[in-house]
Amino acid sequence: MFFNIALYGSEDVKKNLEWGKNIIEKVMQNSDLEYYIVDFDNHQTFKNYDVFLDNVKLKLVDIVSLYISEDTKQCSFSLLLENHSIYLRINENSINESICNLIIESLTLINIKYGYIYVTDNEMYAKSYEGGHNFINIYDYEDSSLWEDAQYEEDDSFLTSKLRLVYNKNFINNFHLSINIDNRTLKQLIVDEKFGSLLQLSKDLYLWQVAEEQLESVNELLGKNKILISWIQPQTQISKPK
């Protein structure tokens, strides 16, 4: 099983890389790891972290996708620059409550605008789910290909007026909390209907936690109000691979 976190909206490449590097070192309990960084767009590999950052600073590479990993595959970090996306994957054997809290508390360092945490059976499924590829769905009421379409169309409404879906842990901003649903804001709805809890992490970032038993009903309400990009009626579900 893999613990996965997807984050969006942070545009500072150096800060994002430093954040991912720091999290990996905390997970691995080792501050002297060897990293490799791959520029997939130009088919280049940088084994020297500082040399890579120099290339970024001098704009000598046109980077679309970067990858930082440790050989044991206990933890990996990807950064997609074309849509300012950050993905962190941690093997369940390496994650604990302390690490999870550390990750959440550190999000204010990279100025994200949206994100969520989810669990997959393996790393391959995590990578497919990130982009909505290969019909990998986590819930019966989602079609991940709708997320893929939104990414392809460069639809960034999920940063302000929509969500991909509602997960157990969601990172949302003040624009999200102001979304109108049946003459109430999302924030009012969460408070009035006790749809989980809100924890303010910074001036414009909140952790919205929803209990597992509430997820389907919360997703249905928001989905029917056209707030969720990937939500569908369960009977129209595309089969999830076994």
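## Strands side by side

Two strands count as paired if DSSP finds at least two bridges between them. Keep that in mind as you look at this structure, which is a predicted model. Strand E1 covers residues 2-8, and this strand has partners to look at. With strand E6 (residues 85-91), E1 pairs in the antiparallel sense, over seven bridges. With strand E7 (residues 114-120), E1 again pairs in the antiparallel sense over seven bridges.

Phe2 is a handy place to see both pairings. In E7, Phe2 stands opposite Thr120, while in E6 the bridge partner of Phe2 is Asn91.

## The whole chain

Now zoom out. The chain is built with eight helices and twelve strands. Of its 242 residues, 50% are buried. Look at contacts with a separation of 6 or more, and you'll find that 63% of them link residues 24 or more positions apart. On the outside, the chain exposes about 12300 Å², with 47% of that supplied by carbon and sulfur atoms.

## Back to E1

How many of the seven residues of E1 are buried? The count is seven of seven, so E1 is mostly covered, with "buried" standing for under 20% relative accessible area. The side chains go two ways: Phe2, Asn4, Ala6 and Tyr8 point one way from the strand, and Phe3, Ile5 and Leu7 point the other.

## Two nonpolar cores

In soluble globular proteins, nonpolar side chains tend to be buried together. Here, the largest nonpolar core has 38 residues, and the members touching the most others are Tyr8, Val166, Trp208 and Leu222. Among the elements giving two or more residues to this core are E1, E7, helix H4 (123-131), strand E12 (205-209) and helix H8 (215-224). There's also a second, separate core of 27 residues, which includes Phe77, Cys100, Ile104 and Phe171.

## A serine in a loop

Just past E1, in the loop that leads to helix H1 (13-28), sits Ser10. Is Ser10 buried or exposed? Its relative accessible area is 2%, and the cut-off is under 20%, so Ser10 counts as buried.

Which residues does Ser10 touch, leaving out those up to four places away in sequence? They are Asn16, His84, Ile86, Ile110, Asn111 and Ile112. With Asn16, the side chain of Ser10 makes a polar contact of 2.7 Å, side chain to side chain. With Ile110, the backbone takes part: its oxygen lies 2.3 Å from a polar atom of the Ser10 side chain.

Conventions: Residues are numbered from 1 along each chain as its sequence is written. This is a predicted model: local features need pLDDT of at least 70, side-chain atom pairs count only at pLDDT 80 or more; totals for chains, interfaces and linings use all residues. Side-chain values use heavy atoms; hydrogens and water are left out. Helices (H or I, at least four residues) and strands (E, at least two) are DSSP runs, numbered from the N terminus. Buried means under 20% relative accessible area, exposed over 50%, partly exposed in between (1.4 Å probe, protein chains only). Contact means heavy atoms within 4.5 Å. Accessible areas come from the Shrake-Rupley method with a 1.4 Å probe; for residues, only the protein chains shown count as cover. A polar contact is a pair of N or O atoms within 3.5 Å; within protein, one must be able to donate a hydrogen and the other to accept it, and residues adjacent in sequence count only if both atoms are side-chain atoms. A nonpolar core is a set of buried Ala, Val, Leu, Ile, Met, Phe, Trp, Tyr and Cys residues joined through side-chain atoms within 4.5 Å.
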